[in-house]
Amino acid sequence: MNEYLFIFMKHESDKIELIKMGAVAAVCKYGIAGASVSRIASMAGVSDGYLYRHYKSKEELLYAILDNTLNVVTDKIADLLGNCSDAREIADYFLDFLYENSEKDSNMIKFLIIFQNDFTIEVKREFNDRITHLCKEIVALGCSKGVMRSGVSHVELYLALVTVPLQFLSLKYTGLLYANEIEYQKIKDYAYNSLFLI
């Protein structure tokens, strides 16, 4: 490959990454409705036209970012399922993963919170199918080991391990109720008590 072509391609991929980062930052600052293409482009340091050269619309860009973000989450769950033999261990590691990312990659978590609470963007069926399957696997593992409460569904598992912790982190970001790490431990306890026998 021509050295100059490689540098150009790297520069282009860097700009696309800047667009994605600008979009996440704009959504986190202004919400989905307020994150206009102009604001996203401005935060990314590119022109509106450059953004449109890579994405047909703001929605296409946001779906690409949402898909990537949701894949990070589901990949983490799949990895934990492959490496842990206890559903409680999966829950513990996953809840730690969310909290750690709330500190080191807060925009990713804020982005998830915003999308979880926005009804204008619909999650793709393939992700819904994947997360449903993974949650059912965790429930089955917990039941097979005799540690899962009787009758816990995949929906209850998702609520305890994803929805409630993300809502707590939303409180943390807004400063409401002075949510902190000690309170997060209580959220973990809540998840354990609602899902597990021990």
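## Overall fold

The protein has 9 helices and 0 strands, and the model you're looking at is predicted. Walk along the chain from the N terminus and the elements read α-α-α-α-α-α-α-α-α. The C-alpha atoms fit in a box of roughly 60 × 45 × 30 Å along the principal axes.

Of the 198 residues in the protein, 39% are buried. If you take contacts between residues at least 6 apart in sequence, 68% of them join residues at least 24 apart. The accessible surface comes to about 11000 Å², and 54% of that belongs to carbon and sulfur atoms.

## Helix H4

Helix H4 covers residues 58–83, which is 26 residues. From its first C-alpha to its last it reaches 37 Å, close to the 38 Å expected at 1.5 Å a residue.

The buried residues of H4 include Leu61, Leu62, Ile65, Leu66, Thr69, Leu70, Val73, Ile77, Leu80 and Leu81. Lys58 and Thr74 are also buried. As for the spacing, an α-helix has 3.6 residues a turn, so residues three or four places apart point the same way.

## Charges and salt bridges

There are 21 positive and 26 negative charges in the protein, and their mean positions are 2 Å apart. The salt bridges number 8.

One of them pairs Asp75 with Arg130, with the closest N and O atoms 2.8 Å apart. Asp75 sits in helix H4 and Arg130 in helix H7 (residues 125–144), so this pair ties together parts that are 55 residues apart in sequence. Both ends are partly exposed: Asp75 has a relative accessible area of 39%, and Arg130 has 28%.

## Pairs within one helix

Helix H7 also holds a salt bridge between Asp129 and Arg125, at 3.9 Å from N to O. The two are 4 residues apart, or about one helical turn. Arg125 is exposed, with a relative accessible area of 66%, whereas Asp129 is partly exposed at 40%.

Helix H9 (residues 181–195) contains both Lys186 and Glu183, 3 residues apart, about one turn of the helix. Their salt bridge has its closest N and O atoms 3.5 Å apart. Lys186 counts as partly exposed at 47% relative accessibility, and Glu183 is partly exposed too, at 31%. Elsewhere, salt bridges with shared partners link Asp92, Asp96 and Lys188 into one network.

Notes. Residues numbered from 1 in each chain as written. Predicted model: local features only at pLDDT ≥ 70, side-chain atom pairs only at ≥ 80, totals over all residues. Heavy atoms only, no water. Expected span 1.5 Å × (residues − 1). Buried < 20%, exposed > 50% of the residue type's maximum accessible area, 1.4 Å probe, protein only. Contact = heavy atoms within 4.5 Å. Areas by Shrake-Rupley, 256 points an atom, 1.4 Å probe, with all protein chains shown as cover. Lys, Arg positive; Asp, Glu negative; His and termini not counted. Charge placed at Lys NZ, Arg CZ, Asp CG, Glu CD. Salt bridge = Lys/Arg side-chain N within 4 Å of Asp/Glu carboxyl O.
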